[in-house]
Amino acid sequence: VKVAGDASAHDKACEAVKSKLPQPHMGGEAVHGAVDAIKASYDPSTGSFSDCIDTEMNIFLDLLANSAQGRARRHVFFGERVATAPPPGAPKASSPLPNKVGVIGAGTMGSGIATCFLRAGYEVTLVDVNPEGLARGEKIIQGNLAQDVKRGRASQEKADQNLSMLKTNTALTGLADAGFVVEAVFENMDLKKKIFKELDGIVSPSTILCTNTSTLDIDEIGAVVKDPSRTMGMHFFSPANVMKLVENVQSKHTSAQTISDVTAHTKKIGKVGVLVGNCDGFVGNRMVAPYTGEACFCVEEGAGVGDVDSAIVDLGMAIGPFTMGDIAGNDIGYLIRKEKGWVEGGFPEGMRYCDIADKLVTDLGRIGQKAGKGWYDYDPSVGKGRLPMPSEEVDRFLADCRGEGVSFEDKDLVERSLFPLVNEGFKILEEDICSRPEHIDIIYIYGYGWPVWRGGPMYWADKEVGLEHVLKMTELYHSKYGGSDWWQPSQLLVDLVKEGKSVYDWANEKTRKSKM
């Protein structure tokens, strides 16, 4: 910042900068420290230039030694490298990687995925059986690349070059020469299996076939092709052209070479790819289910929708569970629950179930931002239709769904919502769905808006909250709400508390033993 004048003018400039930074308690310790170091450089009371340097060094050393935010950020820096590395003993990726890619499905997700590959210099064929849908998908891609130019991320020449690498087709036969295929149609098992089976007779036997799914069984999809070792899941996060995370999901069939090649493709398109195992929801969405589920129970018991979201945002999360539901679409979660047979009383006997989210969709049609109404109201003239505003209709609806209700402190809302998420993370580690807690931390930072300065959910539980307290409250809520599996304490969590171990120490010991 260049400011002419005396020290008071410089002070005003520094304070103006600080006013635009995150508050120190909300992740801004380091940047506020940097501004303080700049202030010391012109403050007459600081002394000589070498005194100014000493002041800067003292600020740095204090943050290095005492800042919990700094420790969390360093954990994420190294954790990302752990989480995105190929598994031990993995073969080298094929060289060169195939440059012709097929993307099936021209919706928002498929078009976003195609954009990612085009940006990285791949030749992309986008396939959709619906000509109108295919045309819409091509326009989405054009818009995505135009935004790159507008925001200074690419020149017009580069964007035009990327777009020239796009072909479209309404038939899968257009993918005959593709060396890598990502299927991104909607979440329907029969449709995905049909596509994979048809592809198997079109593409080369060496072509890797990936499915973009958030919940479906990768084993079952891959089993329909002659060589399922070349099948894998790639769970992109929406919007795919913006979100950095990809959960790379290995099935029981997936070969080590396929894992290495998918990892290399993911890195080439600029994504943070984390290898996970196959289960319902994989890692991120499996942990989200108890988080959003318990948040609904809090609302049913008397908490306000905005109160829950505010408590989570005040912790540092980008958005709360109800805003997240509105963005993703409340109908998506409803359809998943309906597919499982839980809607309208079809859930297992003894299972604790809250139907408020179902009724929000079926009775009120409040499916989220795309409809202008979900847990919140949305006005197209305010914040481009994305700003959540309290809804009187939802307030009346909730009042009819619950009794007198109870009041909650923010701490209670945070623990009720996030402790079952963390507990599920420990179960995922138990089951070896991912091999280290850093994998979970990175997934939540890049995919779910967890604040980097809190290190990720496993780091937060281990280093900030303390595993003993997590277990104590989990056991307390399990005794109170036995009908929810997510309150059944993870055996790994129980063992770590008993042994006084950190989950990261446990992971390090596990890694050392695997190398012996």
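Which loop holds Val224? Keep that in mind while we get set up.

**Before you click**

This is a predicted model, so local features are given only where pLDDT is at least 70, side-chain atom pairs count only at pLDDT 80 or more, and totals for chains, interfaces and linings use all residues. Residues are numbered from 1 along each chain as its sequence is written, and side-chain values use heavy atoms, with hydrogens and water left out.

**Stop 1: the whole protein**

Show everything as a cartoon. You should find 22 helices and 8 strands; these are DSSP runs numbered from the N terminus, with helices being H or I of at least four residues and strands being E of at least two. Along the principal axes, the C-alpha trace spans about 75 × 60 × 60 Å. The radius of gyration is 25 Å, which agrees with the value near 24 Å for a compact globule of 516 residues (taken over C-alpha atoms; the globule rule is 2.2 Å times the number of residues to the power 0.38).

Now switch on the surface. It comes to about 24600 Å² of accessible area, and 54% of that belongs to carbon and sulfur atoms (Shrake-Rupley method, 1.4 Å probe; for residues, only the protein chains shown count as cover). Of the 516 residues, 47% are buried. Here buried means under 20% relative accessible area, exposed means over 50%, and partly exposed is in between, with a 1.4 Å probe and protein chains only.

What about contacts, meaning heavy atoms within 4.5 Å? Among those between residues at least 6 apart in sequence, 69% join residues at least 24 apart.

**Stop 2: Val224**

Select Val224 and you land in the loop between α9 (218–222) and β6 (231–236). Val224 counts as partly exposed, because its relative accessibility is 24%. Add Lys197 to the selection: the two are 27 residues apart along the chain, yet their C-alpha atoms are separated by 5.7 Å. Not counting residues up to four places away in sequence, Val224 touches Lys193, Phe196 and Lys197.

**Stop 3: Thr231**

Move along to Thr231, in strand β6. Buried or exposed? Thr231 counts as buried, because its relative accessibility is 1%. Its side chain reaches the backbone oxygen of Pro228 at 2.6 Å. Show the contacts too: leaving aside neighbours within four places in sequence, Thr231 meets residues including Phe196, Leu209, Gly222 and Thr258.

**Stop 4: two cis peptide bonds**

Go to Ser95 and Pro96, which are joined by a cis peptide bond with omega about -5°. Pro96 sits in the loop between α4 (68–84) and β1 (100–104). Then jump to Ser238 and Pro239 for another cis peptide bond, where omega is about -5°. Pro239 is in the loop between β6 and β7 (245–249).

**Stop 5: positive phi at Phe282 and Lys384**

Select Phe282, a residue other than glycine with a positive phi, near 60°. You'll find Phe282 in the loop between β8 (272–276) and α11 (284–301). Phe282 is buried, with a relative accessible area of 0%.

Finish at Lys384, in the loop between α15 (356–362) and α16 (392–401). Lys384 is not a glycine either, but has a positive phi of about 60°. Is Lys384 buried or exposed? Lys384 counts as exposed, because its relative accessibility is 72%.

Technical notes: Contact means heavy atoms within 4.5 Å. A polar contact is a pair of N or O atoms within 3.5 Å; within protein, one must be able to donate a hydrogen and the other to accept it, and residues adjacent in sequence count only if both atoms are side-chain atoms.
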